[in-house]
Amino acid sequence: MPTSSATDASKPAAAGGGVQSLERAFDLLERMADAGGEVGLSELSASSGLPLPTIHRLMRTLVACGYVRQQPNRRYALGPRLIRLGESSARLLGTWARPYLARLVEETGETANMALLDGDEIVYVAQVPSKHSMRMFTEVGRRVLPHSTGVGKALLAHTPAEEVRALLARTGMPAATEKTITTPEGFLDALELVRRTGYAVDDNEQEIGVRCLAVPVPNSPTAAAISISGPAGRVTEAATEKIVPILQGIAQELSAALASAGTPQA
């Protein structure tokens with residue numbers, strides 16, 4: 001199974017004078033996340049290149065700390081203490097994004113949002129409102145299903161079709177409005193359009209009278225998307241042609257900022 005983590009052999013040992021066991025422990029956690037959250041020791045050994053005794057020692061430590069738990073079937077799963085870290089990092093990610101969202105509002109005149117995929121749901125982690133007085137459903141902390149939102153389409157556009165179908169089977173596809181996509185085939189067609197055009201649209205699908213445009217944040221440490229939302233009368237096809245390049249440019253800048261935030265300082 002391909003993962004986003006590099007093999008242990010390809011990594012410099014204890015890069016930048018770091019503690020090798022700590023680096024290895026975090027690498028194992030990332031591999032577990034890439035594998036869906038639950039793995040066996042032999043799978044971790046095969047993907048990381050580390051010997052089984054080393055992995056067993058590291059996993060015992062992670063279990064003792066609550067970051068991993070051992071299942072009755074002897075496999076290992078990500079543990080509940082990671083939830084607190086994830087929630088805190090999501091809030092911080094939203095804080096980092098706010099200046100970029102503020103620029104998005106400045107340049108488009110519409111409300112700007114940032115959202116993450118959390119399990120099977122979309123959660124909004126940051127928002128800068130438009131100066132126009134229009135109340136919309138999006139707000140920080142709000143959770144919605146992916147099939148009726150632009151950010152949901154942007155976040156799932158490159159997910160394998162079978163995984164998308166499985167997610168939709170778990171959540172269902174309730175109609176928020178008469179324009180909501182309510183079939184897996186219709187949603188997969190919409191994702192194909194996102195891949196072709198490079199952006200996603202929510203056209204009155206979550207709230208009548210509101211259109212949203214969304215793009216993913218490339219190489220974000222967790223899957224993230226930014227969007228603008230506004231009245232359908234303002235976010236027209238003509239406006240879309242002007243707004244999408246702005247969205248894509250700011251997403252690239254945010255991506256670069258997040259990457260540099262994770263770079264060790266000399």
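This is a guided tour of a predicted model, with selections to make in turn.

**Whole chain**

Start with the whole chain in cartoon view. Its secondary structure comprises eight helices and nine strands. The chain has 266 residues, and 42% of them count as buried. Switch to a surface display: about 13800 Å² is exposed, with carbon and sulfur atoms supplying 55% of that area. Among contacts with a separation of 6 or more, 56% are between residues 24 or more positions apart.

**The patch at the start of H1**

Select Val19, Leu22 and Phe26. These three residues make up a nonpolar surface patch, and their accessible area together is about 300 Å². Val19 sits in the segment before helix H1, which covers 20-34. The relative accessible area of Val19 is 51%, so this residue is exposed, the cut-off being over 50%.

**H1 against H3**

Keep H1 in view and add helix H3, residues 52-65. Two packed helices are described by the angle between their axes and the distance between the axes. Here the angle is about 85° and the axes of H1 and H3 are 10 Å apart. H1 is therefore roughly perpendicular to H3. To see the contact, show side chains on both helices. H1 contributes Ser21, Arg24, Ala25, Leu28, Leu29 and Met32, while H3 contributes Thr54, Ile55, Leu58, Met59 and Leu62.

**Leu82**

Next, select Leu82, which belongs to helix H4 (residues 81-108). Which residues does Leu82 contact, leaving aside its neighbours within four places in sequence? They are Leu29 and Tyr67. Leu29 has already appeared on the H1 side of the contact with H3. Leu82 is partly exposed, with a relative accessibility of 23%. Draw a distance from the C-alpha atom of Leu82 to that of Gly66: the separation is 8.0 Å, for two residues 16 apart along the chain.

**The loop between S2 and S3**

Move to the loop between strand S2 (68-70) and strand S3 (76-78), and select Arg74 there. Arg74 has a positive phi, near 80°, and is not a glycine. With 59% relative accessibility, Arg74 is exposed.

Arg75 can be selected in the loop between S2 and S3 as well. Its partner in a salt bridge is Glu43, with the closest N and O atoms 2.5 Å apart. Glu43 is in helix H2 (residues 41-48), and the pair links distant parts of the chain, 32 residues apart. Both ends are partly exposed: Arg75 has a relative accessible area of 25%, and Glu43 has 36% relative accessibility.

**More salt bridges**

The whole structure contains 16 salt bridges. Select Lys153 and Glu205, whose side chains form one at 2.8 Å, N to O. Lys153 is part of helix H5 (residues 150-156) and Glu205 is in the loop between strand S7 (200-203) and S8, so the bridge ties together parts 52 residues apart in sequence. Are these two residues buried or exposed? Lys153 is buried, at 4% relative accessibility. Glu205 is also buried, with a relative accessible area of 7%.

Now select Arg196 and Glu192, which form a salt bridge at 4.0 Å, N to O. Why are these two separated by about one helical turn? Arg196 and Glu192 are four residues apart in helix H7, residues 184-197. Arg196 is exposed at 59% relative accessibility, whereas Glu192 is partly exposed at 32%.

For a linked set, select Lys179, Asp203, Arg211 and Glu237. Salt bridges join these four residues in a network.

**Two exposed loop residues**

Select Lys131, in the loop between strand S5 (121-128) and strand S6 (143-144). Lys131 has 78% relative accessibility and counts as exposed. Its C-alpha atom is 8.1 Å from that of Thr111, a residue 20 positions away in sequence.

End at Asn219, in the loop between strand S8 (210-216) and strand S9 (224-231). Like Arg74, which has a positive phi, Asn219 is a residue other than glycine with a positive phi, here about 55°. The relative accessible area of Asn219 is 75%, and the residue is exposed.

Note on methods:
Residues are numbered from 1 along each chain as its sequence is written. This is a predicted model: local features need pLDDT of at least 70, side-chain atom pairs count only at pLDDT 80 or more; totals for chains, interfaces and linings use all residues. Side-chain values use heavy atoms; hydrogens and water are left out. Patches are made of residues with over 30% relative accessible area and no salt bridge: like charges are joined within 9 Å, nonpolar side chains (Val, Leu, Ile, Met, Phe, Trp, Tyr) within 5 Å. Accessible areas come from the Shrake-Rupley method with a 1.4 Å probe; for residues, only the protein chains shown count as cover. Buried means under 20% relative accessible area, exposed over 50%, partly exposed in between (1.4 Å probe, protein chains only). Axes are lines fitted to C-alpha atoms, for helices over the stretch in contact, and angles run from 0 to 180 degrees between N-to-C directions. Angles under 35 degrees count as roughly parallel, over 145 as roughly antiparallel, 65 to 115 as roughly perpendicular and the rest as oblique. Contact means heavy atoms within 4.5 Å.
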